[in-house]
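Got your viewer open? Let's take a short walk past some aromatic side chains, one selection at a time.

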Amino acid sequence: MTQAETEKKWLSGNEAVARGAWEAGVTVAAGYPGTPSTEILENLSKYDKVYCEWAPNEKVALEVALGASFAGARVLATMKHVGVNVAADPLFTASYTGGRGGLVIITADDPEMHSSQNEQDNRNYAFAAKLPMLEPSDPAEVIPMLAEAFALSEKFDTPVFFRTTTRVAHVKGLVDTGTRKNGPVELKIEKMPAKFVMLPGNARVRRQAIAERQIKLVDFAEHYSANRIEWGDKKRGIITGGISYLYVKEAFPEISILKLGLTWPLPEKMIRDFAAGVDELIIVEELDPFLETHIKAMGIKCRGKEMIPAMGELNSFIVKKSLGGDIADVFPPVELPPRPPNMCAGCPHRGLFYSLSKFKVFISGDIGCYTLGFLPPLSAMDSCVCMGASIGVAHGLTKALGEDSQGKTVAVIGDSTFIHSGITGLVNTVYNKGFSTIIILDNRITAMTGHQQNPASGATLMGEPAHVINFTELSHAAGVKHVTTVNPHHINECRKVIKEELERPETSVIISQAPCVLLPSERKRKKIPLTTDLDKCTGCSACVKLGCPAIRWYPLSHEEAEKMGKKEKQKGYAQIAVEMCVGCGQCLEVCKFEAISPLEDN
Amino acid sequence: METKGNILFCGVGGQGILLASEITAFALLESGMDAKKSEVHGMAQRGGSVVAHLRYGKKVYSPLIEPGSADFAISFEIMEAARYLPFLHKGSKVIVNTQQIAPPAVALGKMAYPENLLDELSNKGVTVFAMDAFALAREVGEIRTANIALVGALSSFLPIAEEVFITVLKKRIPRKLEENLQAFQQGRQITAGAA
């Protein structure tokens with residue numbers, strides 16, 4: 001990657017964060033993949049003189065980052081909004097310890113839940129953990145703001161939150177790039193027990209330090225250039241920050257704006273001055289009434305969520321509409337079949353879910369591509385809550401239902417998710433004498449977020465070969481006696497194994513192992529697509545029920561069926577789109593009429 | 001020509017939508033304009049409906065196109081063009097690849113693929129340019145140039161000199177350049193008369 005020149009580049013918010021971290025002299029970075037944060041470490045790992053790693057989860061990532069900060073490094077931790085929940089334990093105490101080198105935590109929030117299970121507003125974490133939070137509005141603001149974040153972290157001895165949202169992280173724009181500067185702190189082991197050892201006696205002293213830090217940060221906020229007033233029409237003044245600022249500028253270019261780059265803590269004096277300068281004060285923010293609540297607590301009169309929606313993404317249209325601006329006439333939507341995402345043609349998860357869908361069991365699911373097993377026609381998922389929840393949820397069902405639930409609960413979890421936070425659930429199920437069947441979907445990669453390496457994939461983020469965790473041995477060590485590995489493409493065998501394992505009156509593990517079809521090695525592998533012999537197809541629709549995007553159902557009228565030489569009552573036929581088929585063989589296994597065969601044989 | 005505008009790119013995950021939007025963005029930037037582009041990654045990419053917003057002008061604030069204000073749309077699939085109708089207005093120009101990809105409900109035989117969708121768009125006052133970008137791509141000898149053919153069709157309406165697009169294609173598409181240039185030119189010819 002070109003690194004020396006100072007120039008304008010076309011970068012996404014995530015690419016700008018990577019660039020900004022590099023320019024700020026970051027030497028260590030850790031994170032766990034999660035949309036919309038993933039591309040930050042993927043990009044940062046390509047720069048010189050930065051060590052980057054995928055940790056097994058966000059808690060470990062933040063702990064690694066904290067250690068590197070203790071050693072004096074400037075360090076970046078990256079995660080999506082829900083990842084901060086996982087990292088919350090070290091987070092709240094890292095606020096007490098601070099570090100030595102600058103520590104910046106990226107929280108990439110996902111309003112509208114484009115690729116998430118909830119849309120929590122992580123500005124609340126800044127308040128709760130008493131940490132400063134910076135929020136850029138677009139990629140161009142990222143680099144200078146990130147430089148400030150590292151300086152703040154060192155100056156005020158605090159981890160610093162840097163919050164993006166989907167429309168900052170995945171927006172591309174022109175960005176001024178600069179050169180790399182080294183961090184100011186010497187790298188060494190320095191023992192600072194009063195600051196790093198959070199026993200009650202030390203922690204009480206640090207609690208006081210946080211209170212003093214907060215006062216200094218408010219003073220900083222009053223003078224920080226990214227908190228600025230843009231005076232315009234003074235009938236209405238708007239306080240905003242992050243992406244919402246751009247929606248306000250777009251909707252009302254002439255209005256007076258107080259733009260907050262530092263959204264916690266708040267510059268009270270600046271807010272009072274602004275409020276005094278306008279007739280009416282309005283707060284425009286996405287998701288929670290965070291600024292509004294704290295500004296109202298200052299005793300300042302303002303309006304916000306009574307007009308601006310507190311759910312979903314905003315945009316300039318919503319801002320205009322909410323505040324009585326002129327909006328265009330909009331065509332009503334056309335009624336169309338929905339187009340949800342689907343597992344790829346040849347996805348190994350499909351075979352497992354197809355097999356599983358034949359059993360009357362509660363399937364507690366987890367987070368990954370395989371969550372799509374919920375959708376029809378597979379409809380093989382009954383719950384999905386958070387990373388790793390599948391195993392605990394299945395166990396909880398059995399404890400509530402007792403012996404009757406023997407053979408009725410299955411937890412389904414991906415390889416990376418199992419490592420992230422499923423292992424403890426497995427240990428718990430064995431320890432507390434549960435009898436759920438736990439299926440680990442091992443496709444050799446973290447797939448949903450776009451193929452990140454993990455402890456089961458055999459490589460690191462830096463591209464080095466790595467130890468491959470052995471799920472069988474790990475399960476045995478946890479006390480699971482029966483661990484069976486199956487190939488999910490072999491549906492009949494899969495069904496047999498699932499049946500056997502469900503019958504066991506103890507915890508058992510099935511490892512469903514086959515590589516993701518999108519892995520480069522799989523893409524390169526020569527594949528023989530399958531084809532349908534329409535003469536033999538009886539329209540039983542067994543293959544259609546796989547939900548494979550390469551298989552389509554064509555309905556037939558009585559006349560058309562007869563014309564094709566079919567029985568009059570045959571309602572249609574299924575055909576494989578050869579150009580999409582990767583020859584995984586799942587449909588071949590489920591077809592009882594030998595209507596499907598490899599193309600080469602024809 | 002207007003030196004500000006909004007272009008919506010839509011289709012089905014995996015069709016080369018992001019590259020098409022990227023090439024168009026580079027051509028706008030090369031012409032000295034400001035631009036912002038918004039994409040959604042992650043779950044939607046698995047065969048779902050995909051959309052990218054590209055806005056350009058002297059200075060662009062919001063990265064999102066407002067409903068009723070997309071001046072242009074490139075749709076890689078017929079039904080997806082109709083799905084984003086609320087983003088269009090009466091003067092919108094829409095370039096549609098005539099491919100039909102059955103969404104799950106259609107592939108399963110639960111619903112039919114809707115008919116006459118493009119007429120429905122035309123009836124609203126939207127100008128529709130339908131083209132079989134895959135046939136065109138096959139003709140130039142490289143099926144993966146379909147997205148560039150669509151960009152070619154769009155290019156007729158943008159305030160960007162043809163040479164700028166060619167420079168960008170040369171810079172950004174190192175493989176099968178000749179085929180891509182041809183696809184671009186042929187796509188451009190389809191709309192040349194209407195610009």
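Start by selecting Tyr554(A): with a relative accessible area of 29%, this residue is partly exposed. Keep in mind that you are looking at a predicted model, which scores ipTM 0.97 and pTM 0.97.

Now add Tyr573(A), which counts as buried at 13% relative accessibility. The ring centres of Tyr554(A) and Tyr573(A) are 5.4 Å apart and their planes meet at 20 degrees; planes under 30 degrees apart count as stacked, so this pair is stacked. Colour by secondary structure next: Tyr554(A) belongs to strand β20 (residues 551–555) of chain A and Tyr573(A) to strand β21 (residues 572–576) of chain A, so the pair links parts of the chain 19 residues apart.

How many aromatic pairs does a search of the whole structure find? Over all chains, there are 15. For another of them, select Phe70(A) and Phe196(A): their ring centres lie 3.7 Å apart with the planes at 20 degrees, so they are stacked too. Phe70(A) sits in helix α3 (residues 58–70) of chain A and Phe196(A) in helix α8 (residues 193–196) of chain A, so this pair ties together parts 126 residues apart in sequence. Phe70(A) is partly exposed at 21%, while Phe196(A) counts as buried at 18%.

Next, pick Phe127(A), Trp264(A) and Phe290(A) together, and you will see one aromatic cluster.

Finish with two charges over rings. Select Lys358(A): its charged end sits over the ring of Tyr354(A), 4.6 Å from the ring centre. Then move to chain B, where the average pLDDT is 94, and find Arg172(B) over the face of Phe26(B), at 3.5 Å from the ring centre.

Key:
Residues numbered from 1 in each chain as written. Chains lettered and ligands numbered in written order. Predicted model: local features only at pLDDT ≥ 70, side-chain atom pairs only at ≥ 80, totals over all residues. Heavy atoms only, no water. pLDDT = per-residue confidence, 0-100. Phe/Tyr/Trp six-rings, centres within 6.5 Å; stacked < 30°, edge-to-face > 60°. Helix = DSSP H or I, 4+ residues; strand = E, 2+ residues; numbered from the N terminus. Buried < 20%, exposed > 50% of the residue type's maximum accessible area, 1.4 Å probe, protein only. Lys NZ or Arg CZ within 6 Å of the ring centre and 35° of its normal.
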